Amino acid sequence: VYTIGNASEDIYYSLLKARRENKKVIILRPFSMNWLLRYKLTNSELFKIDSDYCYYKSETLLVFAVRIVLTFIYALTRIWVLFLRNFKIYLSDDLSFPFIGQDTLWQPVQKNPSFSWDFVKSFNWEKQYNEYLPVHLRKNSRLKAEKVAAKMGLPIDGWYACLHVRESGFRKDTILGKDFCHDINNYLEAIKEVTKTGGWVVRMGDNTMKPLPKMERVIDYSHSEYKSDTMDIFLIANCRFYIGSQSGILDTAYLFQKPIVLPNMSAWTFTFPPRKCDIGIPKHCYSKS
């Protein structure tokens, strides 16, 4: 619940599971505890998405009570985890954040849990990925976002691509920097290619990123006054396609099943192009010796 990519991924695969099993999803999450435990929910709008496979009624007393219980349990375990870090003892994230039932999204419970290719193939992931799954924002969020999009300058009858090029500022990380972080200037030709064909480009991200130079039909949303949880989701949900790094909001593009272009792929075992229309371009590897 604290990263937009992992939260999007869990929601997407839970909806796929609901479709497989003819069920509906209720999204439960604890309340944010950033003020006390450095525990901030990633994006409030993400947990409000709607689908034919979501069971939603405005937050009932029962749902509210369950969220309070979740918050109380994980506040206690989070305090314990943070306390042990003072002694360089690091415990699993499972104790700080709810991952209840997450494994069953990809690996359903089996009577005989030994690995079987036949069991894997029985889920026909290719068909699941390529069969459209209805996911959208709720009406009130969509109407508000459309007004903001107009203020941003996006034409109502136009189309745009979302672009996200990961940098290290948001997570202040150095470990992933070499493999997963890139320079936005290397994408300028791609931006020009989109705008040349009549589209717009909306650059996603946060204000720690290197600003884009002024370009026609380009909106550097990451540095704009219009940033919000709702707009983050709305822009991806309504783009024609998504160009991005193997990072974060890429999984939100998966959730809304946007056509995806993944340049500079440094991993192929996860965050891969899932559907037939998607394109992945791996980094070139070489040996100095």
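User: Which residue of strand 4 is the bridge partner of Leu 163?

Analyst: The bridge partner of Leu 163 in strand 4 is Arg 203. A strand here is a DSSP E run of at least two residues and a helix is an H or I run of at least four, both numbered from the N terminus. The model is predicted: local features need pLDDT of at least 70 and side-chain atom pairs count only at pLDDT 80 or more, while totals for chains, interfaces and linings use all residues. Residues are numbered from 1 along each chain as its sequence is written, and side-chain values use heavy atoms, with hydrogens and water left out.

User: What makes strand 3 and strand 4 a pair?

Analyst: Two strands pair if DSSP finds at least two bridges between them. Strand 3 and strand 4 have four bridges, in the parallel sense, so the criterion is met. Besides the Leu 163 bridge, Cys 162 stands opposite Val 202. Strand 3 also pairs with strand 6 in the parallel sense, over four bridges, and His 164 stands opposite Gly 244 there.

User: How many bridges join strand 4 to strand 5, and how many join strand 6 to strand 7?

Analyst: Strand 4 and strand 5 pair over two bridges, parallel, with Val 201 opposite Val 218. Strand 6 (residues 241–244) and strand 7 (residues 260–265) are also joined by two bridges and run parallel. Tyr 242 stands opposite Ile 260 in that pair.

User: In what order do the strands form the open sheet, and why are strand 5 and strand 8 at its edges?

Analyst: Six strands form the open sheet in the order 5-4-3-6-7-8, with parallel pairing. Strand 5 and strand 8 (279–282) each have a single partner strand, so one side of each is left without a neighbour in the sheet.

User: How do you know whether strand 3 is enclosed or not?

Analyst: Buried means under 20% relative accessible area, exposed over 50%, and partly exposed in between, with a 1.4 Å probe and protein chains only. Five of the five residues of strand 3 are buried, so strand 3 is largely enclosed by the rest of the structure. Tyr 160, Cys 162 and His 164 point one way, and Ala 161 and Leu 163 point the other. In strand 4, Trp 200 and Val 202 point one way and Val 201 and Arg 203 the other, and all are buried. In a regular strand the side chains alternate between the two faces of the sheet.

User: Why is Pro 113 called buried or exposed?

Analyst: The relative accessible area of Pro 113 is 69%, so Pro 113 is classed as exposed. Pro 113 sits in the loop between helix 3 and helix 4 (117–121).

User: How do you know what span helix 3 should have?

Analyst: The expected span is 1.5 Å times one less than the number of residues. For the 25 residues of helix 3 (residues 61–85) that is 36 Å, and the end C-alpha atoms are 36 Å apart, which agrees. Helix 6 (residues 139–152), with 14 residues, reaches 20 Å, close to the 20 Å expected.

User: What puts the buried residues of helix 6 on one side or on opposite sides?

Analyst: The buried residues are Ser 141, Ala 145, Ala 149 and Met 152. They cover an arc of only 70° around the axis, which puts them on the same side of helix 6. The arc is that of the directions from the helix axis to the C-beta atoms. Lys 139, Lys 144, Lys 147 and Lys 151 are exposed on the other side. The buried residues pack against strand 5 (218–219) and helix 9 (229–238), where contact means heavy atoms within 4.5 Å.

User: What makes a set of residues a nonpolar core, and which residues touch the most other members of the largest one?

Analyst: A nonpolar core is a set of buried Ala, Val, Leu, Ile, Met, Phe, Trp, Tyr and Cys residues joined through side-chain atoms within 4.5 Å. The largest has 56 residues, and Leu 15, Leu 235 and Tyr 242 touch the most other members. Helix 1 (residues 4–21) gives the most to this core, eight residues. Another core, of 14 residues, lies apart from it and includes Ala 161, Leu 212, Val 218 and Phe 241.
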